[in-house]
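User: Could you walk me through a few features of this model? I'm new to this, so please keep it simple.

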Amino acid sequence: MPHLAAVRYGKDNIRVYKVHRDEKAGVQTVTEMTVRVLLEGDIGTSYTEADNSVIVPTDTMKQTTYLMAKLHPVHPPELFASILASHFTETYAHIHSAHVKVIQHRWTRMQIDGEHHPHSFLRDGSETRNADVTSKEGHGITIRSAIVGLLVLKSTGSAFYGFVQDEYTKLEPVWDRILSTEVDCGWSWNLYGKLEDVQSAVSKFDEAWKAARNITLKIFANDSSASVQNTMYKMCDEILAVEPTVESVDYSLPNKHYFEIDMSWHKGLKNTGKDAEVYEPQSNPNGLIHCTVKRSAT
């Protein structure tokens with residue numbers, strides 16, 4: 001007899017923009033987000049018996065997101081996601097878990113004639129700040145913060161050699177190469193018992209995001225990289241060292257390749273090895289390297 005093994009449903013791609021106006025200072029601050037809400041609970045009969053009485057409409061989820069954004073802070077995203085997720089598990093007795101993802105888009109304040117403009121902003125890249133939060137009845141609140149889509153490149157300072165070479169290997173060792181990747185970095189926090197615990201820790205979220213971003217950029221730039229694997233491990237290790245309430249750090253780094261172009265066919269023009277200046281950026285296929293580092297048990 002078939003049975004429901006797992007179910008959840010919700011609203012995706014909820015677009016939200018909020019402006020905070022400091023009338024005294026004459027400064028406005030903006031936040032733009034894309035939100036996803038997924039619910040779990042005693043909802044199986046909606047699938048098996050066409051029982052809509054257990055369904056919180058997805059439009060209700062959208063409207064609730066707007067209302068919570070009006071009534072509560074939307075920054076940092078970890079806090080807003082926790083407020084929204086907790087609302088659903090506390091409001092509906094038959095909903096036992098709420099999963100909320102917040103993608104915060106970049107709006108960076110413009111500088112005009114060397115001064116920060118009070119109400120004008122620019123989108124300086126596709127990088128986002130994300131928060132994935134689950135509020136689970138009787139368990140607490142889990143939070144994973146993330147940096148996604150941070151595109152970086154360095155033109156030297158990376159090598160790759162000493163790898164397995166057999167009859168299937170065409171790749172040649174290289175002692176200096178271009179290294180480029182699009183950073184997806186996440187860090188998971190220790191379990192929070194309730195929303196009030198998240199609210200009391202709110203200052204840590206911005207601090208950890210700044211630290212993780214700075215560590216990522218600094219190690220990427222300065223490390224004499226023997227491999228993406230080793231470089232990303234160093235990043236994880238340092239992030240764990242700066243924030244004791246983070247229990248694990250993970251990276252996913254696609255290797256964006258730039259290949260030398262052999263121009264020797266044209267009058268013997270040299271453009272390989274030490275003479276390489278013009279490269280062909282590659283879109284795919286690409287290497288993809290994952291790593292999760294957890295704090296050692298004490």
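Analyst: Sure, with two ground rules. This is a predicted model, so local features need pLDDT of at least 70 and side-chain atom pairs count only at pLDDT 80 or more, while totals for chains, interfaces and linings use all residues. Residues are numbered from 1 along each chain as its sequence is written, and side-chain values use heavy atoms, with hydrogens and water left out.

User: On the other side of α5, which residues are exposed?

Analyst: Helices here are DSSP runs (H or I, at least four residues), just as strands are runs of E with at least two, and both are numbered from the N terminus. "Buried" means under 20% relative accessible area, "exposed" over 50%, and "partly exposed" in between (1.4 Å probe, protein chains only). In α5, F205, A208, W209, A212, R213, I215, T216, I219 and F220 are buried. They cover an arc of only 160° around the axis, so they sit on the same side of α5 (the arc is that of the directions from the helix axis to the C-beta atoms), and the exposed ones on the other side are K218 and N222.

User: Why can residues three or four places apart point the same way?

Analyst: Think of a spiral staircase. Residues three or four places apart point the same way because an α-helix has this many residues a turn: 3.6.

User: How far apart are the end C-alpha atoms of α5?

Analyst: The expected span is 1.5 Å times one less than the number of residues. Helix α5 has 21 residues (202–222), so it should span 30 Å; that agrees with the distance between its end C-alpha atoms, 31 Å.

User: Which residues of α6 make the contact with α5?

Analyst: The axes of α5 and α6 (residues 228–242) come within 9 Å. Contact means heavy atoms within 4.5 Å. From α5, the contact uses A211, A212, I215, T216, I219 and F220; their partners in α6 are T231, K234, M235, E238, I239 and V242.

User: What do the buried residues of α6 pack against?

Analyst: The buried residues of α6 are V228, T231, M232, M235, C236, I239 and L240. They pack against β8, α5, β9 (246–255) and β12 (287–294).

User: Is E172 buried or exposed?

Analyst: E172 lies in the loop between β7 (140–160) and β8 (174–189). Its relative accessibility is 57%, so E172 counts as exposed.

User: And how far apart in space are E172 and P254?

Analyst: In sequence, E172 and P254 are 82 residues apart. In space, C-alpha to C-alpha, the distance between E172 and P254 is 20 Å.

Terms used:
Axes fitted to C-alpha atoms, helices over the stretch in contact; angles between N-to-C directions.
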